[in-house]
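Reader: I have a model open on my screen and would like to talk through its side chains with you. Could you take my questions one at a time?

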Amino acid sequence: QVQLQESGPGLVNASQTLSLTCTVSGGSITTGLYYWNWIRRPPGKGLEWMGAISASGVTYYRPSLQLRTSISRDTSKSQFTLLLRSVTSEDTAVYYCSQSYSRGTSYLYRGQGAQVTVSS
């Protein structure tokens with residue numbers, strides 16, 4: 001069974017860069033027809049797909065976040081990373097990483113989530 005675990009700072013200052021890493025165990029991030037996603041849930045709102053990296057290394061981003069978001073991976077560590085630049089209070093959310101067959105909020109496996117609060 002694939003397991004995903006998010007890690008990173010729980011508090012980020014406004015205008016800084018949020019960095020989260022997802023560590024994957026029990027499966028490879030470079031094989032299969034999978035997408036490795038970043039998703040978030042702001043307080044009181046629904047899940048929002050932010051972006052993904054495919055098993056072949058191609059990245060995809062939500063258009064509204066594309067200018068501020070980067071997703072990369074370290075295959076030697078079975079990790080993929082989210083960078084979100086110039087954060088504001090609107091970026092306060094629980095952030096999840098997930099594995100899926102398609103880009104979006106549906107998933108096969110998902111991490112437990114990491115609370116990130118943007119401090120102004």
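Reader: Which side chain joins that of R40 in a polar contact of 2.8 Å?

Author: Happy to start there, with a reminder that this is a predicted model, where local features need pLDDT of at least 70, side-chain atom pairs count only at pLDDT 80 or more, and totals for chains, interfaces and linings use all residues. Residues are numbered from 1 along each chain as its sequence is written, and side-chain values use heavy atoms, with hydrogens and water left out. A polar contact is a pair of N or O atoms within 3.5 Å; within protein, one must be able to donate a hydrogen and the other to accept it, and residues adjacent in sequence count only if both atoms are side-chain atoms. The R40 side chain makes one such contact with the side chain of Y95 at 3.1 Å, while the one of 2.8 Å is with D91.

Reader: Is R40 buried or exposed?

Author: Buried means under 20% relative accessible area, exposed over 50%, and partly exposed in between (1.4 Å probe, protein chains only). R40 sits in strand β4; strands (E, at least two residues) are DSSP runs, numbered from the N terminus. Its relative accessible area is 5%, so R40 is buried.

Reader: Which strand gives the most residues to the largest nonpolar core?

Author: Such a core is a set of buried Ala, Val, Leu, Ile, Met, Phe, Trp, Tyr and Cys residues joined through side-chain atoms within 4.5 Å. This one has 24 residues, and L18, W38, F80 and Y95 touch the most other members. Strands β3, β4, β5, β8, β9 and β11 each supply at least two residues. With four residues, the one that gives the most is β3.

Reader: Where are the two cysteines of the disulfide, C22 and C97?

Author: A disulfide is a pair of cysteine sulfur atoms within 2.5 Å, and a search of the whole structure finds one. C22 and C97 are joined with an S to S distance of 2.1 Å, and the link is right-handed, with 70° about the S-S bond. C22 is buried at a relative accessible area of 0%, and C97 is buried at 0% too. The two are 75 residues apart, with C22 in strand β3 and C97 in strand β9.

Reader: Why is the pair of Y35 and Y60 called edge-to-face?

Author: Rings of Phe, Tyr and Trp (its six-membered ring) pair if their centres lie within 6.5 Å; planes under 30 degrees apart count as stacked, over 60 as edge-to-face and the rest as tilted. The structure holds five aromatic pairs. For Y35 and Y60, the centres are 5.7 Å apart, and the pair is edge-to-face because the planes stand at 75°.

Reader: How many residues apart in sequence are the parts that this pair ties together?

Author: Y35 counts as buried, at 18% relative accessibility, whereas Y60 counts as partly exposed at 25%. Y35 lies in strand β4 and Y60 in strand β6, so the parts they tie together are apart in sequence by 25 residues.

Reader: Which residue lies over the face of Y60?

Author: A charge sits over a ring if NZ of Lys or CZ of Arg is within 6 Å of the ring centre and within 35 degrees of the ring normal. One example is R110, whose charged end is over the ring of Y96, 4.0 Å from its centre. Over the face of Y60, at 3.9 Å from the ring centre, lies R103.
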